[in-house]
Amino acid sequence: MLKEFKTPISGKSVFIGPDSKEDIYILALESSCDETACAIVKNGREVISNVVASQIKTHRMFGGVVPEVAAREHLDAVNMVIESALEQSHMKPEELTAVAATVGPGLVGSLLVGLNAAKAFAVTHDKPFIGVNHLNAHVCANYLNSDIEPPMMALLVSGGHTQIIKVDSYLNQEILGETIDDATGEVYDKVARLLGLDYPGGLNLDRMAPSGNPKAYILPKAKVSGEFDFSFSGLKTAVLNLTKKLTANGEALPKEDVAASFQECITSTLFEKTLKAAEKYGIKLIVLGGGVAANSEIRKKFYSLVDKGYKIHAPEMKYCTDNASMIASAAYFLTNTTDSLEIEVFSRC
Ligand code: KG4
Ligand code: ZN
């Protein structure tokens, strides 16, 4: 399983994939949202260097990511992260096999910075350029520093997406279901804001929830027509109405109980549907991906399946949230990539 890529200047063929007899070193860039990241990964799995410049502090002032500000910060950080990744790896650009970058989905202005920096680097050093889909890459984060192999059922939960993906082979990622409205991380961040927690709220809500009672309030689980689809906008509204009702008499909001009840509702929905998909297709390996895969309750629920004969895998925390190592891994394993320097960024799938 090898894919042919061409070097941009000399037009030389370079073959990349798990069947390669030579070691493949891919330098990748990620800039789809609020992290500017660069990494070098050997043979799709072994992380040689991984650098992330986070913009969280800047966006915290605004309570969320401001696209225009994000793009400017990527521009300030992009050369620095490339230099750091090379320095940490002790490698020279000549020793790299290829250069990859996220093409989309994401914020257009932000994506443009990483993509153009990667294209420029590829042209300067005459290395093949590989354009990667960010969502496929979140699934590939499971291959990093691990021996995980398909077939597997993946739950991808991030700030922008919620999907159940059946991975039959390295090449085939089939989306079985997804959210029809808000993404899991988005709802986490919005509910966290209602509770007065700082951006990015998901992690802060996750930290608060264990001190509350998850059965304090029964929140609605939406019924959707697609067997493996999700809908979370009703849950978001229900939490908003609940907080209004609880504080109507001027009483203090029982934040911990609301956080715990919300966390129980959303994580059990994600867990039940993913398990149903795994059962339906007879897949015994379930993997997690995306920023929300760092969530303690999601991990707890899924890892409880080990007793029932399932194998569960989640990337290390730093590879759950946005990073460039997963982009390098996707560039190595997948074939739905491109080496066209003409490729444009895209914001939505
Ligand atoms: O994958 P990611 O880094 O960026 C996107 O591609 O969207 O995901 C970021 C999302 C944010 O919404 C953040 O609040 C959420 O992941 N998040 C969490 C946790 N850690 C990060 N949500 C719930 N629990 C966590 N522990
Ligand atoms: Zn992401």
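**Exercise 1. State which residue of S6 stands opposite Leu29, and describe how strand S3 is placed among its neighbours.**

*Solution.* Leu29 stands opposite Ala101 in S6. The model examined here is predicted.

Step 1. Strand S3 covers residues 25-30 and strand S6 covers residues 98-104. Four bridges join S3 to S6, and the two strands run parallel.

Step 2. Strand S4 (residues 35-42) is joined to S3 by six bridges, and this pairing is antiparallel. Within S4, Lys42 is the bridge partner of Tyr25. The connection from S3 to S4 is a hairpin of four residues.

Step 3. Strands of a sheet pair through backbone hydrogen bonds, in either a parallel or an antiparallel manner.

Step 4. The side chains can now be assigned to two directions. Tyr25, Leu27 and Leu29 point one way from S3, while Ile26, Ala28 and Glu30 point the other way. All of these residues are buried, and S3 is accordingly described as mostly covered, with six of its six residues buried.

**Exercise 2. Determine the order of the strands in the open sheet, and identify which strands stand at the edges.**

*Solution.* Step 1. The open sheet is formed by five strands in the order S5-S4-S3-S6-S7, with mixed pairing.

Step 2. Strand S5 (46-54) and strand S7 (129-133) each have a single partner strand, so they stand at the edges and one side of each is left without a neighbour in the sheet.

Step 3. On average, neighbouring strands of this sheet are turned by 20° against each other, direction ignored.

Step 4. At the S5 edge, eight bridges join S4 to S5, and these strands run antiparallel. Thr36 stands opposite Ala53 in S5.

Step 5. Helices also meet the sheet. Helix H3 (residues 108-125) packs on the sheet and touches S3, S6 and S7; the direction of H3 makes about 160° with that of S6. Helix H11 (residues 325-333) lies across S3, S4, S5, S6 and S7, running at about 130° to S3.

**Exercise 3. Classify the packing of helix H5 against helix H8 as roughly parallel or roughly antiparallel, and list the residues in contact.**

*Solution.* Step 1. Two packed helices are described by the angle between their axes and the distance between the axes.

Step 2. The axes of H5 (residues 184-194) and H8 (residues 255-281) come within 12 Å and cross at roughly 175°. Angles over 145 degrees count as roughly antiparallel, and therefore H5 is roughly antiparallel to H8.

Step 3. Helix H5 contributes Thr184, Val187, Tyr188 and Val191 to the contact, and helix H8 contributes Phe262, Gln263, Ile266, Thr267 and Leu270.

Step 4. Sorted by class, the contact of H5 with H8 has six nonpolar, three polar and no charged residues.

**Exercise 4. Classify the aromatic pair formed by Phe271 and Phe302, and state whether each residue is buried or exposed.**

*Solution.* Step 1. The count of aromatic pairs comes to seven. For Phe271 and Phe302, the ring centres are 5.1 Å apart and the planes stand at 75°. Planes over 60 degrees apart count as edge-to-face, so this pair is edge-to-face.

Step 2. The pair links distant parts of the chain: Phe271 lies in H8 and Phe302 in helix H9 (residues 296-303), 31 residues apart.

Step 3. The relative accessible area is 14% for Phe271 and 1% for Phe302. Buried means under 20%, so Phe271 is buried and Phe302 is buried.

Step 4. A further edge-to-face pair is formed by Tyr332 and Phe333, at 4.8 Å centre to centre with 85° between the planes. Tyr332 and Phe333 are both buried. Together with Tyr143 and Tyr170, Tyr332 and Phe333 form one aromatic cluster.

Technical notes: Residues numbered from 1 in each chain as written. Chains lettered and ligands numbered in written order. Predicted model: local features only at pLDDT ≥ 70, side-chain atom pairs only at ≥ 80, totals over all residues. Heavy atoms only, no water. Axes fitted to C-alpha atoms, helices over the stretch in contact; angles between N-to-C directions. Parallel < 35°, antiparallel > 145°, perpendicular 65-115°, else oblique. Contact = heavy atoms within 4.5 Å. Nonpolar A, V, L, I, M, F, W, Y, C, P; charged D, E, K, R; others polar. Buried < 20%, exposed > 50% of the residue type's maximum accessible area, 1.4 Å probe, protein only. Pairing = 2+ DSSP bridges. Phe/Tyr/Trp six-rings, centres within 6.5 Å; stacked < 30°, edge-to-face > 60°.
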